[in-house]
Amino acid sequence: MRNYMNHTINIIAGLSCLALAFTGCYSIDETQKEWTDKGEKIYVGKIDSLKVRSGMNRVEIVGNTNYLRTATECTVSYDDRTVTFNISDIIGTDGKARMLIDGLEGGSYYFDVFTYDAAGNRSVPSQVYGKAYGINDVLKEIPKRITTFVPKYDGSVDVEWNEASSTYYLFKWEDEDGKMQEMKIEDSPAKTNVKSWKKGGTISVQTFIMKNKNDLDLLALEPVEYVFPTEVEESIPRFGEGSYMNLGPYGDWDLGEEFTVELRARYTELASGDQCIISCESSGPSSGFMLRSSGNKLQFYIGDGGWKGTSYSTLSVGVWYDIAVTYKANTGIALYVNGELKSSGKCGKMNTPTSRLQVGTSPFYSNRYMRGDVQHVSIWRDAKSAEQIKADVEQGYGFKGGEDGLKAYWPMTVNYGDELPDQTGQHVAVFNNVKWNKK
């Protein structure tokens, strides 16, 4: 019976429209009235192609409204609950219907969606499956955590992170003025450098995770609290077999006419043979320079085609020595210990070496390695006077990087990792197999 009636309705509507030029076309409601008066049921247009956007204790149901027709209300039923919406309130400018269902426990749901017209006629149902996030979804996620604080040579600190994934995280910290700063961090970097930080200052890290790109909400994990270190732990580099501090190719230094090298050294063993503290010696014709020990004697050599040297004795194990050497082409060399001139000698112009400049081991002879500790290495473009060297020792070095004539300075009082820029920012030292000790 229904198929017949629908077929007849279509015919009548078509014939009525053919007569449009003469009498006009009846509305579809008028066309169908004679059949609805006889009990034929007209279904209300439905919201279809439903999708669910998951949120925290809520969902958003989104659907198309192409066939909505005369509906004025919409209901969403799930479990034993029903929520009613006015159609005019849920349709956006893009023509999509959006229904927000909140107050949900975390879990999965089947949602039945119906529409109604003003007469109370109901559409056929549309059903959609979806998930609301709850506290258990939050608890099972791994938050971003701080694994290590690594103080840097410039006073900043590297904050190193675990490998937990996130959409982003909010990093809040107390700066050196006691003010709270905030940074939104995306892409999960391995570390974040903080320029201004307060020793013992507070830190908060909150992780946000978007589990699926179309979700309604991010999962906001509970903030994790930390404090910055209260002090930077001092360390001392110890050199031995196979360890060295590479200062780069000699050609980068331009030390041909004159220079000064200052450093502090302490021996753990005074072995026989050559133990290079700092050197750029090369093979072949004598070239470069060496500051080294041999037994309990401290020696400084310049290679000007032969080796011209000067020395000081007697060294002892376990004693810190402030050592400085100066060179001036075609004039001479000098060796200072604890701010005092100990020996000097004549020399010509140093032959240019082909090796790198290196602390702890000869760059050419790996068996010429120092057994001990080195700190406060500085290199200057001029041959300093005895008064200047004594003043440097008395002030404890501590150069800032802008001093006239300073080419490079490494305090080496804190372990900043395997690569360390000097205080001037012009040179980077690379450490190999160097052990750092607490004292």
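# Exercises on strands, rings and a helix

S18 is mostly covered, with nine of its ten residues buried (buried means under 20% relative accessible area, exposed over 50%, partly exposed in between, with a 1.4 Å probe and protein chains only). Strands (E, at least two residues) and helices (H or I, at least four) are DSSP runs numbered from the N terminus. The model is predicted, so local features need pLDDT of at least 70 and side-chain atom pairs count only at pLDDT 80 or more, while totals for chains, interfaces and linings use all residues. Residues are numbered from 1 along each chain as its sequence is written, and side-chain values use heavy atoms, leaving out hydrogens and water.

## Exercise 1: the partners of S18

Find the strands that S18 pairs with, and one bridge partner in each.

Solution.
- Step 1. Start with the criterion: two strands pair if DSSP finds at least two bridges between them.
- Step 2. S18 and S23 meet this in the antiparallel sense, over nine bridges. Glutamate 262 has alanine 324 in S23 as its bridge partner.
- Step 3. Strand S27 (residues 372-380) also runs antiparallel to S18, joined by seven bridges. Here threonine 260 has tryptophan 380 as its bridge partner.
- Step 4. Now look over the ring of tryptophan 380: the charged end of lysine 384 sits there, 3.2 Å from the ring centre. The criterion is NZ of Lys or CZ of Arg within 6 Å of the ring centre and within 35 degrees of the ring normal. Arginine 368 likewise lies over the face of tyrosine 365, at 4.1 Å from the ring centre.

## Exercise 2: aromatic pairs

Describe the geometry of two aromatic pairs, and say where their residues lie.

Solution.
- Step 1. A pair of aromatic rings is described by the distance of the centres and the angle of the planes. Rings of Phe, Tyr and Trp (its six-membered ring) pair if their centres lie within 6.5 Å; planes under 30 degrees apart count as stacked, over 60 as edge-to-face and the rest as tilted.
- Step 2. The structure holds 19 aromatic pairs. One of them joins tryptophan 197 and phenylalanine 228, which are tilted at 50° between the planes and 5.3 Å centre to centre.
- Step 3. This pair links distant parts of the chain, 31 residues apart: tryptophan 197 is in the loop between strand S12 (191-194) and strand S13 (202-209), phenylalanine 228 in the loop between strand S15 (224-227) and strand S16 (236-239). Tryptophan 197 is buried at a relative accessible area of 10%, and phenylalanine 228 is buried at 1%.
- Step 4. Turn to phenylalanine 259 and tyrosine 327: their ring centres are 5.2 Å apart and their planes at 40°, so this pair is tilted. Phenylalanine 259 is in S18 (residues 258-267) and tyrosine 327 in S23 (residues 320-328), 68 residues apart. Both are buried.
- Step 5. For a cluster, select Trp161, Tyr169, Phe171 and Trp173, which form one together.

## Exercise 3: the two sides of H6

Which residues of helix H6 (residues 386-394) are buried, and why do they line one face?

Solution.
- Step 1. Ile389, Asp392 and Val393 are buried.
- Step 2. Seen down the axis of H6, the buried residues fall within an arc of 100°, so they line one face of the helix. The arc is that of the directions from the helix axis to the C-beta atoms.
- Step 3. Glu387 and Glu394 are exposed on the other side of H6.
- Step 4. The buried residues of H6 pack against S18, S23 and strand S24 (332-337), where contact means heavy atoms within 4.5 Å.
- Step 5. Just after H6, glycine 396 takes a positive phi of about 75°.

## Exercise 4: from S24 to S25

Work out how S24 and strand S25 (residues 340-345) are connected.

Solution.
- Step 1. The two run antiparallel and are joined by five bridges. Valine 337 has glutamate 340 in S25 as its bridge partner.
- Step 2. They form a hairpin with two residues between them, and asparagine 338 in the turn has a positive phi of about 55°.

## Exercise 5: an open sheet

Which strands stand at the edges of the open sheet of eight strands?

Solution.
- Step 1. The order is S22-S21-S20-S19-S26-S17-S30-S29, with antiparallel pairing.
- Step 2. Strand S22 (307-313) and strand S29 (419-421) are at the edges with a single partner strand each, so one side of each lacks a neighbour in the sheet.
- Step 3. Inside the order, strand S19 (residues 274-279) and strand S20 (residues 286-294) run antiparallel, joined by five bridges. Aspartate 274 stands opposite serine 294 in S20.
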